[in-house]
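Please open the model in your viewer and keep the sequence panel beside it, since the tour moves from selected side chains to one helix and then to the chain as a whole.

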Amino acid sequence: WLAALASAVAAISMLVPPPVGALSDHLRRRGGHRRPFILLGAAVNIAGLLWMAATASIWPFAAALVVAVLGQSISTAAYQALIPEAVPREHWGSSAGYQGVASLVGAVAGLAVASVASPNATFLWTAVVVGIGAYTVWLTPEGSFFEPEHAKVSNWHNFSVVFGSRFMTNLGLTLLSTFVLYFFRDVQKVDNPSISTGFFGILALVGAIVTAFLSGVFSDRIPRKYIMALAGIPMAVAGIGFAVAPQQQFIMLYALCFGLGYGAFLSVGWALAIDSVPQMRDVARDLGVWGIASGLPAFIAPIVGGWILVHSLSALAGYRTLFLLAGASFLLASIVVLWVKPRE
């Protein structure tokens, strides 16, 4: 059920943003705004979350989850185009660092709530937070639209390279995040795997906060691709460490190591994506396409991971294969991103 729901969610997150982003770009070029899309998506998201909190059977829950993710995807399609329109190009790295830190703080808070609260309470609090976020967007003025004749930013080569690197990084991320709870249950035999998973996630995100802002600021001064390449190394060390030495005493080290790389990936990866968008007039559409590099691994990884675990000789062997595959994905992503060419 987890693999099926995760894949369905990933499919929605992958397919919705490009057309919604294209519509947002079209209306923006005609003098419209992106905020109505964000607010509409937030309203749909909140409705789905409230429905999730009120149901206790699998099919209504799955339907409510689809509604919530649909709303989130609509909001994301328009929201991710706000930064490049509101912030000068020379500060994209710093702004991405701020966004990365905010995302990580929210993730830490979310994990903390989900680790100790009931599922119903978690969904209700999530709905409240989405509403607050929508309110801040409503208060925020939008930036200036880039005229098409001044819109050239990069080229399709860089866009393809960044897409490929992000795909491989997110493949590793999804393999880890989807199955780490079951690793604690099946291999570590801990009494409460949910708390262990939350503890691991919080440690990783704390490490990520350390690097998210600093790496974003530095990426305005040195080529972003080098920071992205370095970010994959500690993430690979964590994934391979889980496979080679999954003892409990090393888990904290793996979590912090993973977080240090993930923080740089989150902030600098966002700035590098904006850099690689071929034309700013289609920024929401192209960032929606770029988001497929996150959605496609989230669709594939649960299916592949579930197949590996089912067909492995033992639970330990299955998880070792999963985590080695994740580590290899991080390393390959670090190599591929080096092919990004200097901006013209």
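In this predicted model, the count of salt bridges comes to 2, and each of them can be selected in turn.

Begin by selecting arginine 34 and aspartate 25 and showing their side chains: the two form a salt bridge in which the closest N and O atoms are 3.1 Å apart. Are these partners buried or exposed? Arginine 34 has a relative accessible area of 0% and is therefore buried, the cut-off being under 20%. Aspartate 25, with a relative accessibility of 1%, counts as buried too.

Next, move the selection to aspartate 220 and arginine 224, which form a salt bridge with their closest N and O atoms 3.3 Å apart. Here the two ends of the pair fall into separate classes of accessibility, because aspartate 220, at a relative accessible area of 25%, is partly exposed, whereas arginine 224, at 5% relative accessibility, counts as buried.

Now leave the side chains, switch to a cartoon, and select residues 156-186, which make up helix H8. How far apart are the end C-alpha atoms of this helix? They lie 44 Å apart, and because 31 residues at 1.5 Å a residue should span 45 Å, the distance agrees with the expected value. While H8 is still selected, centre the view on phenylalanine 179, where the helix has a kink of about 50°.

With that helix in mind, zoom out and colour the chain by secondary structure: the chain has 14 helices and 0 strands, so that, read along the sequence, the pattern is α-α-α-α-α-α-α-α-α-α-α-α-α-α. The radius of gyration is 20 Å, close to the 20 Å that the globule rule gives for 344 residues, and the chain is therefore as compact as a globular protein of that length. If you align the view with the principal axes, the C-alpha atoms fill a box of roughly 60 × 45 × 30 Å.

To finish, turn on a surface and consider how the chain is packed. Of its 344 residues, 51% count as buried, and among the contacts with a separation of 6 or more, 84% are accounted for by residues 24 or more positions apart. What supplies the area that the chain exposes? The exposed area is about 15,500 Å², and carbon and sulfur atoms supply 73% of it.

Key
Residues are numbered from 1 along each chain as its sequence is written. This is a predicted model: local features need pLDDT of at least 70, side-chain atom pairs count only at pLDDT 80 or more; totals for chains, interfaces and linings use all residues. Side-chain values use heavy atoms; hydrogens and water are left out. Helices (H or I, at least four residues) and strands (E, at least two) are DSSP runs, numbered from the N terminus. The expected span of a helix is 1.5 Å times one less than its number of residues. The bend at a residue is the angle between axes fitted to the seven residues ending there and the seven starting there. A salt bridge is a side-chain nitrogen of Lys or Arg within 4 Å of a carboxyl oxygen of Asp or Glu. Buried means under 20% relative accessible area, exposed over 50%, partly exposed in between (1.4 Å probe, protein chains only). The radius of gyration is taken over C-alpha atoms; the globule rule is 2.2 Å times the number of residues to the power 0.38. Contact means heavy atoms within 4.5 Å. Accessible areas come from the Shrake-Rupley method with a 1.4 Å probe; for residues, only the protein chains shown count as cover.
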